[in-house]
Amino acid sequence: MQLKTNGMILKQRNIGENDRILTVLTQDAGLIEVCARRSRSPKNPLTAPTQLLNYSSFCLYKGKASYYIADSAESIRAFYDLRLDIVKLSLAGYFAELCVFLAPTAENSEALLRLLLNTCHLLETDHYPMEHLRPVFELRALSVSGFMPNLVCCAECIAYEASDMLFLPLDGVLCCQKCYLKSGYYREDKIVLPLSSAVLSAMRHIIFSDTQKIFSFRLSDSAAAKLYEIVRTYTSLHTEADFKSLHLFDTMYHRGTT
C-alpha cells in the first residue's frame, strides 16, 4: 500500500548502521512510524528531509512490518534557525514530544500539524515571545486532542462570567466561588485557580478561535504570567508525563539565556 502525505518529524531513533525510524505527524494519516533506510549516510537523498523537526512530503509504502518505508522524501520547511538557539530548539522539541504523547489519529492530525507548524514558524521568527507561545500551544493542542476544558460557563449556575470565577484544572471546569463551595466538586485539598476576566477571555480565545487567530491577543504582564502558570498546571495534571525537552527549556529559559 502506497501513501503520499506531508508530515513533520517529531522523533527519530537509529537502527542498524545507517537507518532511522521516524515518528511523523502526518497531514491525513495520524501519527505514524517510518523507516528511512540509509538516511544516516550524508549523501543519501533521504538524509536532509528526514531530520528532526523537518516538515517534508513523503512517498511511503507499507510492508509486512508495523511501520512504513520511505521511498522518497522532499523537505518543505526545515526550521533551520530553530537549531541555532538552544532555548527555542528545546521548546520546539517539547511541542513535538507533547504531540507524540497526544498520539493524534487521522481525524485530528491535520489540526495538530497545522498548530505545530504555525507555532514553530512564530517561534523561529520571534513573532511572539516564548512565554506567549507555550500556553497557547499547550491549551490548543490538548483541546483538539480530547482534553478541552469546559470554559463556557460556571458548571453549576451556568453564569458566563462572574467576578470570582474559579478554574478546577483536574476536573477541567469553571465554577464561581459561591457555587463551588456548595458543589460536588468541592474538596478542601483540591487545586483551585482563580481566574481574572482577562485570563478567562484569553483561554476561551485559545480554545474557540480559528487557527489563524489563536495567538492574536494581548494581556498585561501579570495576566500573561497567570495564564502561563494556569495552562502549565492544567497540562501537567492531564499528561503526567516526563518531557525531557521541557526540563531543558525550563532550565535554560529561567536562567535567562534567552
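Let's start with Ser-145. Is Ser-145 buried or exposed? Ser-145 is buried, with a relative accessible area of 16%. The cut-off matters here: buried means under 20%, so 16% falls inside it. One caution before I go on: this is a predicted model.

Where does Ser-145 sit? In helix α3, residues 130-147. Leave aside its neighbours within four places in sequence, and Ser-145 is in contact with Leu-102, Asn-108 and Leu-112.

Stay with α3 for a moment. The search for cavities of 30 Å³ or more gives one. The largest cavity has a volume of about 30 Å³. Which residues line the largest cavity? They are Ala-111, Leu-115, Arg-140, Val-144 and Thr-211. Helix α3 supplies at least two residues of that lining, and so does α2, 109-124.

Next, another buried residue with a hydroxyl-bearing name you will recognise from the sequence: Thr-235. Thr-235 has a relative accessible area of 2%. Its helix is α6, residues 221-239. Again skipping neighbours within four places in sequence, Thr-235 is in contact with Tyr-94, Glu-138, Leu-142 and Glu-240.Now the core. The largest nonpolar core has 60 residues. Met-8, Leu-116, Phe-167 and Met-203 have the most contacts inside it. Which helix gives the most to this core? Helix α1, residues 86-102, with nine residues. There is also a second, separate core of 13 residues. That second core includes Phe-58, Tyr-68, Ala-70 and Ala-73.

Look at Met-8 in the largest core. Once neighbours within four places in sequence are set aside, its contacts include Thr-23, Val-24 and Leu-25. Also among them are Leu-53, Asn-54 and Tyr-55. Phe-79 is on the list too, along with Leu-113, Leu-116, Leu-117 and Cys-120.

On to the strands. Strand β2, residues 19-26, is mostly covered. Seven of its eight residues are buried. Strand β1, residues 2-15, pairs with β2 in the antiparallel sense, over eight bridges. One pair to find: Ile-9 has Val-24 in β2 as its bridge partner. The hairpin of β1 and β2 has three residues between the strands. There, Gly-16 takes a positive phi near 60°.

β2 also pairs with strand β3, residues 31-36. The sense is antiparallel, over six bridges. Arg-20 stands opposite Ala-36 in β3. β2 and β3 form a hairpin with four residues between them. Gly-30 in that turn has a positive phi of about 75°.

Last topic: the cysteines. How many disulfides does a search of the whole structure find? Zero. Why is Cys-157 not bonded to Cys-179? Cys-179 holds the closest cysteine sulfur, but that is 3.7 Å from the sulfur of Cys-157, too far for a bond. The cut-off is 2.5 Å. Cys-157 counts as partly exposed, at 36% relative accessibility.

Cys-175 tells a similar story on distance. The closest cysteine sulfur, in Cys-154, is 4.5 Å from the sulfur of Cys-175, and that is too far for a bond. Cys-175 is buried, with a relative accessible area of 0%.

Conventions. Residues are numbered from 1 along each chain as its sequence is written. This is a predicted model: local features need pLDDT of at least 70, side-chain atom pairs count only at pLDDT 80 or more; totals for chains, interfaces and linings use all residues. Side-chain values use heavy atoms; hydrogens and water are left out. A nonpolar core is a set of buried Ala, Val, Leu, Ile, Met, Phe, Trp, Tyr and Cys residues joined through side-chain atoms within 4.5 Å. Buried means under 20% relative accessible area, exposed over 50%, partly exposed in between (1.4 Å probe, protein chains only). Contact means heavy atoms within 4.5 Å. Two strands pair if DSSP finds at least two bridges between them. On a 1 Å grid over the protein atoms alone, a cavity is a set of points where a 1.4 Å probe fits but cannot get out, and a pocket is an open set with protein on both sides within 12 Å along at least five of seven lines; lining residues have an atom within 4 Å of a point. Grid points are joined across faces, edges and corners, and a volume is the space filled by probe spheres set on the points.
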